[in-house]
Amino acid sequence: MKRFIGQFIPVMLLILAVFFADFGGVCIGGNRAYAEEKPIPTINSVLGGGPAISGTSAIVMEVHSGAILFAKNCTASMAPVSLTKLVTALIVLEEGSLADTVNCSYTAINNIGKNVTRIGLVAEERVELKDLLYASMVASADEATYAMGEHVGGSMKKFLKLMNTRMEALGAVNSEFTSCTGTGTTKQTSCAYDIGLAACKLGCRRDFLEIAGAKWYQVPATNLKEARTIAQTHKFIRKTLKYDAAIAGKSGGQSADGTYGLCTFAERDGMRLVAIVLGCPNDESSYDDTISMLNYSFENYVCYSMKTIERESNPDYAGFFDECAMFNGMKQPTLSIDSGATVVLPYGASPKELVKRVEYSVPEDYVHGKNVIGQLIYSYRGMDIGRTDIIYYNEENPLSQKDFNAVWPKFLLSPSVLKSVGGEGAETVIAISGSKKTTPTPTPRPSTITRWEGNGKVEAGVKGGALCLGLFLLCLIGIYIVMPMYTMSKRRKRRG
């Protein structure tokens with residue numbers, strides 16, 4: 001019997017261990033096998049046609065509206081290679097400060113894989129974030145890109161989380177980034193549509209277009225190196241190939257299967273486009289495909305200002321968010337839309353065919369300044385071809401209640417009470433449980449971005465519940481299985 005018990009208990013413990021390993025994966029999110037697979041949507045262009053190209057996957061989008069003017073297998077899983085750096089650039093511009101000085105780590109210099117592009121940075125070299133971004137976009141430098149990610153994210157793991165979270169918010173359908181460079185030993189995948197979403201955001205930024213449109217750039221001298229000049233790798237921007245409409249771009253490089261990719265920003269007649277092509281058989285074909293796609297898009301579509309559309313479609317009304325006295329005449333309009341907001345229509349189509357709708361997304365709390373309260377969306381024959389945020393400008397409080405709570409201890413005074421007793425930074429008397437205590441009141445810091453890092457209490461509760469359940473099951477096994485068998489064994493011995 002002792003031998004039986006000695007064998008039985010370890011087996012049961014092993015079964016429980018496997019059970020709780022799966023249980024923990026389901027409850028805490030540690031097992032991707034249980035995640036529901038989301039179907040990849042079909043993405044079509046407005047006209048549904050276009051030129052024949054050699055690339056496996058491609059897309060052309062108007063950057064302000066996000067309208068898709070040409071598409072070919074644009075959601076197919078592909079290796080983005082160096083076009084990954086576009087997503088990295090978006091996070092750096094949105095989350096970082098280009099004036100920061102970055103201390104390049106040993107990891108950034110030495111752990112970025114083999115056969116990567118470098119500009120000769122060394123460990124402990126101190127470089128401005130702006131110069132690293134130039135190096136990443138102009139020369140496609142991998143060590144510069146990695147150093148940026150470490151600095152902006154605090155660690156590469158956190159930066160990759162920022163990348164994936166941001167892409168999910170943009171509406172990415174087939175991407176998971178495990179590298180900020182896209183080169184070296186990484187096997188991550190994305191698709192032309194997802195890269196295009198990030199590129200559209202970048203294409204609306206003057207600072208990015210200036211950087212990605214530079215023919216060459218001189219990185220100033222640092223604490224360890226003299227000044228160095230880097231050259232543009234995108235042939236349209238470097239002018240080794242001619243395409244007059246090109247204003248900025250990012251070369252994609254060669255993927256593991258020997259194919260090439262390219263991203264090009266181009267502008268003509270007031271319409272700014274971005275073209276992404278992946279899976280081209282050689283470098284030259286990526287540029288040929290880009291010219292074909294862009295020329296087709298420029299020749300078959302017309303770009304309108306949303307405000308122009310409003311005036312033409314509503315002749316008796318001056319135009320929402322434009323000339324209505326309710327929304328202007330002040331230092332800052334109460335309601336507004338982006339002045340660059342556009343609508344793209346096929347050549348020859350009438351703006352009267354557009355259908356307009358407003359989708360509200362009123363925030364729980366308003367911050368001081370600009371608040372997104374919804375979107376103004378135009379569609380053509382059932383397809384969205386232009387959208388922009390509706391902005392409400394709030395002149396109240398310098399901090400929202402949510403931001404205030406994040407920086408202000410709960411036991412201190414509220415802003416309104418504080419103002420009435422001496423203002424910010426004053427020594428105030430606070431009544432707590434009938435007694436008076438003198439407490440210095442710090443000036444609230446400016447609002448900072450709070451990133452979700454998981455809920456430790458929830459995870460601890462799940463783990464504690466799992467442990468209790470395990471102990472309970474062991475007790476049941478002991479009472480209803482082990483003890484009766486042990487008692488039966490003793491009875492048999494007595495009879496013998």
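Strand 1, which covers residues 57-62, is joined to strand 2 by four bridges, and the two run antiparallel in this predicted model. Within strand 1 the residue A58 stands opposite K72, which belongs to strand 2.

This pair is part of an open sheet of five strands, whose order is 2-1-9-8-7 and whose pairing is antiparallel. Because strand 2 (68-72) and strand 7 (246-254) stand at the edges and have a single partner strand each, one side of each is left without a neighbour in the sheet. On average, and with direction ignored, neighbouring strands of this sheet are turned by 5 degrees against each other.

Two helices that pack on the sheet can be followed next. Helix 7, formed by residues 192-203, touches strand 1, strand 2, strand 8 (260-268) and strand 9 (271-280), and its direction makes about 30 degrees with that of strand 1. Helix 10, formed by residues 283-300, also packs on the sheet and touches strand 1, strand 2, strand 8 and strand 9, while its direction makes about 145 degrees with that of strand 9.

In soluble globular proteins, nonpolar side chains tend to be buried together. Here the largest nonpolar core has 70 residues, and those with the most contacts inside it are F159, Y193, F208, F265, V274 and I276. Helix 7 gives the largest share of this core, eight residues. Leaving aside residues up to four places away in sequence, I276 touches a set of residues that includes S57, A58 and I59, as well as A192, I195, G196 and A199, together with L262, C263 and M293. Separate from this core is a second one of 42 residues, which includes A67, A246, M306 and A349.

Notes. Residues are numbered from 1 along each chain as its sequence is written. This is a predicted model: local features need pLDDT of at least 70, side-chain atom pairs count only at pLDDT 80 or more; totals for chains, interfaces and linings use all residues. Side-chain values use heavy atoms; hydrogens and water are left out. Two strands pair if DSSP finds at least two bridges between them. Axes are lines fitted to C-alpha atoms, for helices over the stretch in contact, and angles run from 0 to 180 degrees between N-to-C directions. Contact means heavy atoms within 4.5 Å. A nonpolar core is a set of buried Ala, Val, Leu, Ile, Met, Phe, Trp, Tyr and Cys residues joined through side-chain atoms within 4.5 Å. Buried means under 20% relative accessible area, exposed over 50%, partly exposed in between (1.4 Å probe, protein chains only).
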